[in-house]
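Here's a quick tour of one structure, going from a helix to the ligand and then to the pockets. Have the sequence and the 3D view open as you read.

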Amino acid sequence: MKRTSGILTSLVFFASFASTQSQETVVQFGMTDSVVISKNIYGHFAEHLGHCIYGGIWVGERSTIPNTRGIRNDVVAALRKIRIPVVRWPGGCFADDYHWMEGIGPAASRPKLVNTTWGGVTEDNSFGTHEFMDFCEQTGAEPYICGNIRSGTVKEMSDWVQYLTSDGDNAMAKLRRSNGREKPWTVKFWAMGNETWGCGGIMPADFYASELGRYSTSLKNFEDSHLYKVASGGLPEDYNWTETIMKKWSTTDGWLQGYMSGYSLHFYAVTNWEKKGPATQFDEAGWFTTLAKTWEMDALISKHSAIMDKYDPKKRIGLVVDEWGTWYDVESGTNPSFLYQQNTMRDAVAAAINLNIFNNHADRVKMANIAQLVNVLQSLILTDGAKMVLTPTYYVFDLFKVHQNALRIPATLEAAEYAVGDKKIPAVSCSASVDEQRRVHVSLANADFSHTQKVALRFARFTPVNVSGKVLDSGRANDFNSFEHPDVVAPKAFSDFSISAGNLVVALPPASVVVLELEGKNE
Ligand code: AHR
């Protein structure tokens, strides 16, 4: 099964046999091609949903849980460690019910609302704009704000931009100052709606394309800011939506440049929305189904990119995958609207496959935001009161952070096949980059549930000399970290590789993620 720089030629197809096999995978690396893997590919998403914000990030200043101005210290420390670059907020679907002015000023006077999208719980607005910006400053992440274009107005969103980013003598900047923040913040990333085909207003593509004009021309640059405005994409496979938006909002001579800087794609690895299946109790069939669905991200990006290339050959507009991840049935005994799920090695491998796909498409993919940061869907962190646990997905972000802002090394992957029943997928996923210190990093995932995969890495004009590695592999694909047993899945040193005739041969354990660091000689 051959794929070149992220173009998967055949993703999941019928096989004439019903068992796994283990031919060797060969990865041929080219020369670096001056494409930078944006650090924002390692971005996140935090919505007012279940216990993502309340309990997961925000506990309030009076909490006995250690916090700084109401924000959990343990969560901030964990996120700083993996260098989270950007966080999307306040939704998701919640964004289209959110009126930012209700979340500023003295907390006691903020109105209480019903979170009608996520469980009808009371939203007391105690975590608002200032608290989110404080969270970003504490973690070192850039803010990415999603505007309300269903129940909000153009003025409401443009006032939000002014409130956050203007240093002038105007009503919004004065209001901000009266709320205790003298200087404006820098907020570059703005989403002009969320899933406008669905919870964001059930808009037809051409209607939304027109709405975009009102929003994008009204969101102004204050001081020296250059807003990066992201348009909502359609359903994952709605290529007509992409065609409609791109046709209207990009021109080859670039005069519309800046009105739409990014275009969003959402994709969750779910095969059956009525019966998603449990997060931890799965067999090989359940493992395979999720990973086969995950691999579809590659084809989706290729197809949307091909349309974008037609209207934007210079790739000025970024593809922003601002919601992605696994989505299972909620854990038993939890609120079905809170989307709380555990996280196993299946999620770690799914995360690694997705991140490798984004790296390989880094010429077009400029940001990606896993859903979601804490306690919701494929989260990096789970909390229960004062307790916190890091998930296998967290450790993938920790291992892969070496790719942030590094130069992509194009990879041609001749992958072994992994078959279950009558379907097969590539057994191995891979991407590589070179950082400022000229260190090469290769990230690999073995999607095979029970077989070791042998991978030969071949380099162009580079001979590896010193190699070290880390592996995420716990022995059982269903393993997860719980509050009682928080360290079942954690990275370990990896040394199952050898150098022979300038090539590196690696043995990937079943259901594992490996990141290698290579120093060597350039020819
Ligand atoms: O991430 C959960 C929800 O999934 C988001 O609110 C919405 O945008 C998507 O459908």
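## A capped helix

Start at Thr344, which caps the N-terminal end of α8. One of the side-chain oxygens of Thr344 sits 3.0 Å from the backbone nitrogen of Arg346. Keep in mind that this is a predicted model.

The helix itself, α8, covers residues 345-360. Does its length add up, or what should 16 residues at 1.5 Å each span? The expected figure is 22 Å, and the end C-alpha atoms of α8 are 22 Å apart, so the two agree. As for surroundings, α8 is mostly covered, with 16 of its 16 residues buried.

## Around the ligand

Now over to the ligand. The residues around it are Phe45, Glu47, Gly92, Cys93, Trp118, Asn194, Glu195, Tyr268, Glu323, Trp327, Gln372 and Leu377.

Which of these get a polar side-chain atom up to a ligand oxygen? Among them is Glu323, with a side-chain N or O atom 2.7 Å from an oxygen atom of the ligand. Glu47 has a polar side-chain atom 2.8 Å from a ligand oxygen. For Gln372, the distance between a side-chain N or O atom and an oxygen atom of the ligand is 3.1 Å.

## The largest pocket

Rolling a probe the size of a water molecule over the atoms shows where empty space is left. The largest pocket here holds about 480 Å³ of space. It is lined by 28 residues, and the ones closest to its centre are Pro236, His266, Phe267, Tyr268 and Trp273. Tyr268 is a name you've already met, as one of the residues around the ligand.

Two elements give two or more residues to this lining: β14 (262-269) and α7 (284-311). The top contributor is α7, with five residues. Sorted by class, the lining has 18 nonpolar, seven charged and three polar residues.

## The second largest pocket

Next comes a pocket of about 320 Å³, the second largest. Its lining counts 18 residues, and nearest the centre are Lys275, Lys276, Gly277, Gly286 and Thr289.

Which element gives the most to the lining of this second largest pocket? It's α7 again, this time with three residues. By class, this lining splits into seven polar, six nonpolar and five charged residues. So that you can set the two side by side: α7 gives the most to the lining of the largest pocket, and α7 also gives the most to the lining of the second largest.

Note on methods:
Residues are numbered from 1 along each chain as its sequence is written. This is a predicted model: local features need pLDDT of at least 70, side-chain atom pairs count only at pLDDT 80 or more; totals for chains, interfaces and linings use all residues. Side-chain values use heavy atoms; hydrogens and water are left out. On a 1 Å grid over the protein atoms alone, a cavity is a set of points where a 1.4 Å probe fits but cannot get out, and a pocket is an open set with protein on both sides within 12 Å along at least five of seven lines; lining residues have an atom within 4 Å of a point. Grid points are joined across faces, edges and corners, and a volume is the space filled by probe spheres set on the points. Helices (H or I, at least four residues) and strands (E, at least two) are DSSP runs, numbered from the N terminus. Ala, Val, Leu, Ile, Met, Phe, Trp, Tyr, Cys and Pro count as nonpolar, Asp, Glu, Lys and Arg as charged, and the others, Gly among them, as polar. The expected span of a helix is 1.5 Å times one less than its number of residues. Buried means under 20% relative accessible area, exposed over 50%, partly exposed in between (1.4 Å probe, protein chains only). A polar contact is a pair of N or O atoms within 3.5 Å; within protein, one must be able to donate a hydrogen and the other to accept it, and residues adjacent in sequence count only if both atoms are side-chain atoms. A residue is near a molecule or strand if one of its heavy atoms lies within 4 Å of it.
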